[in-house]
Amino acid sequence: MLLRQLEYLAALARERHFARAAAACYVSQPSLSAAIRKLEHELDVPIVRRGRRYEGLTPEGEVVLAWAHRMLAEQDALRQELSALRGGLTGTLRLGVVPTALPVASLLTTPFCDRHPRAGVTLESLSSAQITHGLAEFELDAAMTYLDDDTLRQVRRFPLYEERYVLLTPVDGPLGDSGVASWAQAATLPLCLLSSRMRNRRIIDECFAADGATAAPAIESDSVAGLYAHLPGGRWSSVISHAWLHMFGVPKGMRVVPLESPAHGPRVGLVVARSEPQSVLAEAFLNVAREAGVRDALDELLRTYLQG
């Protein structure tokens, strides 16, 4: 059995298509198919359910895939540990991030690359479910996500910050000169919010409901960037996480207005799989996170915007 065969199997399970898996592995489709057939022969079990197209893995194939992920992760861990002994980490940290935490990812990735100049980072915007799957299948080394996510299993959690919600509204709007606003008042404004499919929006809707209000945004977006694109111009207001100010700031003609309780949301943090082998890159990333002071940096940024 060759590790390359296991890489082909992992790619096939990920892509769910022979041609796409072959392309991802930079080999021809016949080569990939032959390697997996050889693996089936060596293990003496059927691994792939075959029809006119890829139809998934057999029960035996699922077992082989789980071992493949583990063995490939061990190979990566070995290379990372040896590279550290040779004079510095190399390799690529695979980081998954929920969309609402993307604006602050640079507070960790930049110091990580500064400390480990021979290492790199691939950053993917993923849903909570995709992050859970990626960690379990050794497809991610670490992730930034909501720490109270019930789907997370067998992970180590490191808190980074607690979301704080504020109103971003035109200075000449109905609440533009307010010292503080209620959620019910914010609900009366022309709103632009994240899509209801997103975790952040569901949390915000709960805050509106706790104040006896319901938000009815005219504009919804599935990304923070898409939301911010609608704010300049003085028409729309939005309820945002203070973390987004790190990347996007306050558009011209708008100001940040504090919201009455409940103004705090759930904790966002870094998670890594609680399994063996431990990723050397993930441990190095955790060490950077412990020293980064993300919560303090974001709180100071919010105070700056509230003061002027």
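Which residue just after α6 takes a positive phi? In this predicted model, the residue is Phe-138, with a phi of about 60°.

Helix α6 itself, spanning residues 128–136, is a good place to begin. Its buried residues are Ser-128, Ile-131, Thr-132, Gly-134 and Leu-135. Around the helix axis these residues cover an arc of only 165°, which puts them on the same side of α6. Ala-129 and Ala-136, by contrast, are exposed on the other side of the helix. A familiar piece of helix geometry helps in reading such patterns: with 3.6 residues a turn in an α-helix, residues three or four places apart point the same way.

Helix α5 (residues 106–115) can be viewed in the same manner. Here Leu-108, Thr-109 and Phe-112 are buried. Looking down the axis of α5, these buried residues fall within an arc of 90°, so they line one face of the helix. The cover over them includes strands β3 (91–97), β4 (119–125), β5 (142–146) and β6 (155–170), together with helices α11 (280–292) and α12 (294–306).

Attention now turns to a pair of helices, α2 and α3. Two packed helices are described by the angle between their axes and the distance between the axes. For α2 (residues 18–25) and α3 (residues 29–43), the axes come within 8 Å and cross at roughly 100°. That crossing makes α2 roughly perpendicular to α3. On the α2 side, the contact is made by Phe-18, Ala-19, Ala-21, Ala-22 and Cys-25, while α3 contributes Gln-29, Leu-32 and Ser-33. Sorted by class, 6 of the residues in this contact are nonpolar and 2 are polar, with no charged residues.

Two loop residues complete the picture. Thr-58 sits in the loop between β2 (54–57) and α4 (59–85). With a relative accessibility of 9%, Thr-58 counts as buried, because the cut-off is under 20%. Setting aside residues up to four places away in sequence, Thr-58 touches Pro-46, Ile-47, Val-48 and Arg-49. With Pro-46 there is a polar approach too: a polar atom of the Thr-58 side chain lies 2.5 Å from the backbone oxygen of Pro-46.

Glu-260 is located in the loop between β10 (254–258) and β11 (264–273). This residue is partly exposed, its relative accessible area being 39%. Beyond its neighbours within four places in sequence, Glu-260 is in contact with Val-180, Ala-181, Ser-182 and Trp-183. Between the C-alpha atoms of Glu-260 and Arg-50, which are 210 residues apart along the chain, the separation is 59 Å.

Key
Residues numbered from 1 in each chain as written. Predicted model: local features only at pLDDT ≥ 70, side-chain atom pairs only at ≥ 80, totals over all residues. Heavy atoms only, no water. Helix = DSSP H or I, 4+ residues; strand = E, 2+ residues; numbered from the N terminus. Buried < 20%, exposed > 50% of the residue type's maximum accessible area, 1.4 Å probe, protein only. Polar contact = N/O pair within 3.5 Å; in protein donor to acceptor, adjacent residues only side chain to side chain. Contact = heavy atoms within 4.5 Å. Axes fitted to C-alpha atoms, helices over the stretch in contact; angles between N-to-C directions. Parallel < 35°, antiparallel > 145°, perpendicular 65-115°, else oblique. Nonpolar A, V, L, I, M, F, W, Y, C, P; charged D, E, K, R; others polar. Arc of directions from axis to C-beta.
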